[in-house]
Amino acid sequence: MLVTTLLLRPVNVFAQEQSEQQPSAATGIPAAEAREQSTESVDLKPVSDAAATDDVASNLTLSSTTIRTQGTGLHLTSTSVPGFGPTSVLCPATHRAGCTIKVEVSALFFNVAQNTDSAIDVVINGTGSAVFPSADPAEESTTTTALPGADTHTFQWMKTQIPAGSTQIVNIAFLANPGSAQVGFRTATIQLYLN
């Protein structure tokens with residue numbers, strides 16, 4: 001389904017700002033005051049093609065929030081390790097417009113081996129769009145020190161176009177590649193929004 005997004009932009013904003021201080025020749029009223037007395041025109045322009053391909057989720061209503069936290073340490077390798085238990089999220093069958101899920105994870109990384117990237121892997125099983133971003137972003141690659149010198153990183157993922165009545169299973173894991181790393185305190189916030 002192709003969705004066209006429109007942006008509302010005031011016409012000729014720069015020229016408008018320049019003329020606000022000058023009184024109108026016809027009325028002697030500064031332009032800013034005259035504009036308050038009249039209807040302001042707005043130019044509707046479509047967003048560029050590049051922006052139109054973004055997976056857009058707008059006008060969302062927060063339905064529920066699940067927060068998970070862990071304080072146990074994890075040793076990371078190239079095999080992903082679950083950071084939390086799976087979280088089941090249900091898009092209500094009564095909400096015909098469907099749902100969107102946002103996942104935010106914060107974690108404390110330390111003892112990252114040199115030339116190693118550690119990452120958070122978020123998988124949301126169920127119908128709907130793919131999780132964005134689809135690739136595991138490298139979260140930490142520089143903290144080679146022990147726990148007192150740890151670095152905390154936070155990232156967000158989204159899944160849109162979730163049909164009404166569908167159940168989604170959110171899994172969050174950690175990994176390090178090609179070497180090893182450790183992750184300590186971590187928190188995940190999983191939010192369900194109604195489209």
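In which strand is Lys-159 found? In this predicted model, Lys-159 belongs to strand 10, which covers residues 151–162. The setting of this residue is described below, after the chain as a whole.

The protein chain contains three helices and 12 strands. Of its 195 residues, 30% are buried. Among contacts with a separation of 6 or more, 82% join residues that lie 24 or more positions apart. The surface exposed by the protein chain amounts to about 11,600 Å², and 54% of this area is supplied by carbon and sulfur atoms.

The largest nonpolar core has 28 residues, and those touching the most other members are Val-103, Val-105, Ile-172 and Phe-174. Two or more residues of this core come from each of strand 4 (74–76), strand 7 (99–110), strand 8 (117–125), strand 10, strand 11 and strand 12. The surroundings of Ile-172 were examined further. Beyond its neighbours within four places in sequence, Ile-172 is in contact with Val-103 and Val-105, both of which are also listed with Ile-172 among the core residues that touch the most other members. The remaining contacts of Ile-172 are with Pro-82, Gly-83, Phe-84, Ile-120, Asp-121, Val-122, Ala-188 and Ile-190.

Lys-159, in strand 10, has a relative accessible area of 1% and is therefore classed as buried, the cut-off being under 20%. Two partners are reached by the side chain of Lys-159. One is the backbone oxygen of Gly-126, at 2.6 Å. The other is the side chain of Gln-168, with which a polar contact is made at 2.8 Å. When neighbours within four places in sequence are set aside, the residues in contact with Lys-159 include Cys-99, Thr-100 and Ile-101, as well as Ile-124, Asn-125 and Gly-126. Thr-127, Gly-128, Ser-129, Ala-130, Val-131 and Gln-168 are also in contact with Lys-159.

Gly-179 lies in the loop between strand 11 (167–177) and strand 12 (181–194). Its relative accessible area is 23%, so Gly-179 counts as partly exposed, a class that runs from the 20% limit for buried residues to the 50% limit for exposed ones. Gly-179 and Thr-77 are separated by 102 residues in sequence, yet their C-alpha atoms are 6.3 Å apart in space. Thr-77 is also one of the residues in contact with Gly-179 once neighbours within four places are left aside; the others are Leu-76, Ser-78, Ala-113 and Thr-116.

Key
Residues are numbered from 1 along each chain as its sequence is written. This is a predicted model: local features need pLDDT of at least 70, side-chain atom pairs count only at pLDDT 80 or more; totals for chains, interfaces and linings use all residues. Side-chain values use heavy atoms; hydrogens and water are left out. Helices (H or I, at least four residues) and strands (E, at least two) are DSSP runs, numbered from the N terminus. Buried means under 20% relative accessible area, exposed over 50%, partly exposed in between (1.4 Å probe, protein chains only). A polar contact is a pair of N or O atoms within 3.5 Å; within protein, one must be able to donate a hydrogen and the other to accept it, and residues adjacent in sequence count only if both atoms are side-chain atoms. Contact means heavy atoms within 4.5 Å. Accessible areas come from the Shrake-Rupley method with a 1.4 Å probe; for residues, only the protein chains shown count as cover. A nonpolar core is a set of buried Ala, Val, Leu, Ile, Met, Phe, Trp, Tyr and Cys residues joined through side-chain atoms within 4.5 Å.
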